[in-house]
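Q: I am new to this structure and would like a close look at one place where two helices pack together. Could you set it in the context of the whole chain and then go through it carefully?

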Amino acid sequence: MISGKTVVAGIVGRPVAHSLSPVLHNAWLAASGIDGVYVPFAPDALGLERLANGFRGGAIRGVNVTIPFKEAALKVADRASPLAQAAGAANLLIFDRDGKIFADNTDGAGLLGAFAAQAPGWDVRNGPVTVLGAGGAARGAVAALLAAGAPKVWVLNRTLSKADAIAKALGAKVFPLPYAHAPSALQQTTAVINATSAGLSGEGALTVPLELTHPSTVVMDMVYKPLETPFLAQARALGRPTVDGLEMLIRQAVPTFEALFGATPPAGVDVRALALEVLNA
Ligand code: NDP
């Protein structure tokens, strides 16, 4: 029930209707008995700044931010976590009572949490990691992998200048590569992460020679619609361990819930099953 004391939070995106975050957070809120609600906001293309400035002072507690506002979210903030700064993007804004906006990035925690859950034997410190794509999600992934101890990260992208920019921003352990160099990277990598939007809704799947990877190489796809993307299907057919994008989404929602509602998500709620129901509807 909504009361006069309900803590309001939400997600800002355009489009936002497809987001599974309201499903996750509202299920956790209901199970924990917290007087809170998590709602979608879809401002116009330039509306993130106006919306965020309007919430200064804590009119609502905070918002997740998704496509295409993650970079704008970092810019509108007064303070930012080291990870959000390194990623150059924020997926979470907290509206503090003093009128300031704090930006964080929990996508990296989501990525590493998904690996820990679905590929528990994999250790980021054990060898090079390959990231496909150089957009906001890739940048966040590279920052999180480096922070967790990855010795080397190859960033492959169609537009090489964007991979160059990530290397320039994040340092000497990051190596930008064109897709023509995929074979040599794939032969040596301990994990391959698809952080491109290719494969979204099953369209225009990414084709890289996954058969060149070592049998223990973990293959991860940030895209979760469909849950088994053509990229993950190719990896599974080769017998590679896989990690899916839905697990990443759920794992990033855990520190997000803690920041928004001041409590750990309750155990015993199968949010993955709930999200899958919505995905498959
Ligand atoms: P951006 O739009 O910032 O970047 C898109 C990237 O995909 C670019 O590197 C682009 O290359 C590349 N790309 C697009 N189409 C193709 C193609 N056909 N072939 C090769 N490369 C292609 O998006 P984001 O970084 O914000 O998001 C990337 C994906 O990650 C999205 O699908 C998003 O839904 C997903 N995501 C999932 C999360 C989760 O929790 N599971 C969290 C965050 C994101 P170029 O630069 O050459 O155009």
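A: Among contacts in the protein chain (heavy atoms within 4.5 Å) between residues at least 6 apart in sequence, 66% join residues that are at least 24 apart. This is a predicted model, in which local features need pLDDT of at least 70 and side-chain atom pairs count only at pLDDT 80 or more, while totals for chains, interfaces and linings use all residues. Residues are numbered from 1 along each chain as its sequence is written, and side-chain values use heavy atoms, with hydrogens and water left out.

The protein chain has 11 helices and 12 strands (DSSP runs, H or I of at least four residues for helices and E of at least two for strands, numbered from the N terminus). Buried residues, meaning those under 20% relative accessible area with a 1.4 Å probe and protein chains only, make up 50% of the 281 residues.

Two packed helices are described by the angle between their axes and the distance between the axes. Helix 5 (residues 107–118) and helix 10 (residues 245–261) pack at an angle of about 120°, with their axes 7 Å apart, the axes being lines fitted to C-alpha atoms over the stretch in contact and the angles running from 0 to 180 degrees between N-to-C directions. That angle makes helix 5 oblique to helix 10, since angles under 35 degrees count as roughly parallel, over 145 as roughly antiparallel, 65 to 115 as roughly perpendicular and the rest as oblique. On the side of helix 5, the contact is made by Asp107, Ala109, Gly110, Leu111, Gly113, Ala114, Ala117 and Gln118, and helix 10 contributes Glu247, Met248, Arg251, Gln252 and Pro255.
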